[in-house]
Amino acid sequence: SAGERIVVQEGIFLFAGDSLAQTACGDVVYADDDQTVDETQASNCPKAGKVVEYVSSSSAWVDVGLAQTAAI
């Protein structure tokens with residue numbers, strides 16, 4: 001049986017957010033879906049990365065990468 005492959009991009013990306021706070025800078029955020037992050041981990045939501053720049057309560061720049069998510 002053939003294994004499944006996943007393509008992963010590392011970098012800093014602008015994500016939509018669910019009620020993000022300005023104090024979230026440097027904090028871990030979790031993936032709600034493929035374009036939205038949240039400070040609170042819901043059931044079965046993986047770590048997305050760390051907030052590097054707060055934009056608004058509905059968006060932030062997030063550092064995504066194995067070094068960010070594995071060590072968190």
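This report walks through the fold, the strand pairings and a few individual residues of a predicted model.

## Overall layout

Let's start with the whole chain. Its secondary structure comes to one helix and five strands, and from the N terminus on the elements follow the order β-β-β-β-β-α. Of the 72 residues, 31% count as buried. Among contacts between residues at least 6 apart in sequence, 41% link residues at least 24 apart.

How are the five strands arranged? They form a closed barrel that runs 1-3-2-4-5, with mixed pairing. From one strand to the next, the twist averages 55°. As general background, strands of a sheet pair through backbone hydrogen bonds, in either a parallel or an antiparallel sense.

## Strand pairings around the barrel

Strand 5 is a good place to begin. It spans residues 59-64 and is mostly covered, with five of its six residues buried. Strand 1 (residues 11-17) pairs with strand 5 in the antiparallel sense over six bridges. Two partnerships show how these strands line up: Phe13 has Val62 as its bridge partner in strand 5, and Ala16 has Ser59. Strand 4 (residues 47-56) also runs antiparallel to strand 5, and five bridges join the two. A hairpin of two residues links strand 4 to strand 5, and Ser56 stands opposite Ser59 in strand 5. Ser59 is thus a bridge partner of Ala16 and also sits opposite Ser56.

Strand 1 and strand 3 pair in the parallel sense, over two bridges. Here Ala16 turns up again, standing opposite Thr36 in strand 3. Strand 2 and strand 4, in turn, pair in the antiparallel sense over three bridges. Within that pairing, Tyr30 has Lys47 in strand 4 as its bridge partner.

## Asp38 and Lys47

Asp38 deserves a closer look if you care about electrostatics. This residue is found in strand 3 (residues 36-38). Asp38 is buried but has no salt bridge, and the nearest side chain of opposite charge, that of Lys47, is 16 Å away. What lies 3.4 Å from a polar atom of the Asp38 side chain? It is the backbone nitrogen of Thr40. Leaving aside neighbours within four places in sequence, Asp38 is in contact with Asp18, Val29, Tyr30 and Asp32.

Lys47 itself belongs to strand 4. Is Lys47 buried, partly exposed or exposed? Its relative accessibility is 32%, so Lys47 counts as partly exposed. Lys47 and Val64 are 17 residues apart in sequence, and their C-alpha atoms are 9.2 Å apart in space. Tyr30 connects the two residues of this section: Tyr30 is in contact with Asp38 and has Lys47 as its bridge partner.

## Leu20 in the first loop

Leu20 sits in the loop between strand 1 and strand 2 (28-31). Is this loop residue buried or exposed? Leu20 counts as buried because its relative accessible area is 5%, under the 20% cut-off.

Not counting residues up to four places away in sequence, Leu20 touches Val29, Val37, Glu39, Tyr54, Ser56, Ser57, Ser59 and Ala60. Among these, Ser56 and Ser59 also stand opposite each other. Ser57 comes with a distance as well: its C-alpha atom is 4.4 Å from that of Leu20, although the two residues are 37 residues apart along the chain.

## Two residues with positive phi

Backbone torsions bring up two more residues. Most residues other than glycine have a negative phi. Ser19 is not a glycine, yet its phi is positive, about 55°. Asn44 is not a glycine either, and its phi is positive too, at about 65°.

Where do these two residues lie? Ser19 is in the loop between strand 1 and strand 2, while Asn44 is in the loop between strand 3 and strand 4. With a relative accessibility of 62%, Ser19 counts as exposed. Asn44 counts as exposed as well, because its relative accessibility is 78%. The loop between strand 1 and strand 2 therefore holds the exposed Ser19 along with the buried Leu20.

Terms used:
Residues numbered from 1 in each chain as written. Predicted model: local features only at pLDDT ≥ 70, side-chain atom pairs only at ≥ 80, totals over all residues. Heavy atoms only, no water. Helix = DSSP H or I, 4+ residues; strand = E, 2+ residues; numbered from the N terminus. Buried < 20%, exposed > 50% of the residue type's maximum accessible area, 1.4 Å probe, protein only. Lys, Arg positive; Asp, Glu negative; His and termini not counted. Salt bridge = Lys/Arg side-chain N within 4 Å of Asp/Glu carboxyl O. Polar contact = N/O pair within 3.5 Å; in protein donor to acceptor, adjacent residues only side chain to side chain. Contact = heavy atoms within 4.5 Å. Pairing = 2+ DSSP bridges. Axes fitted to C-alpha atoms, helices over the stretch in contact; angles between N-to-C directions.
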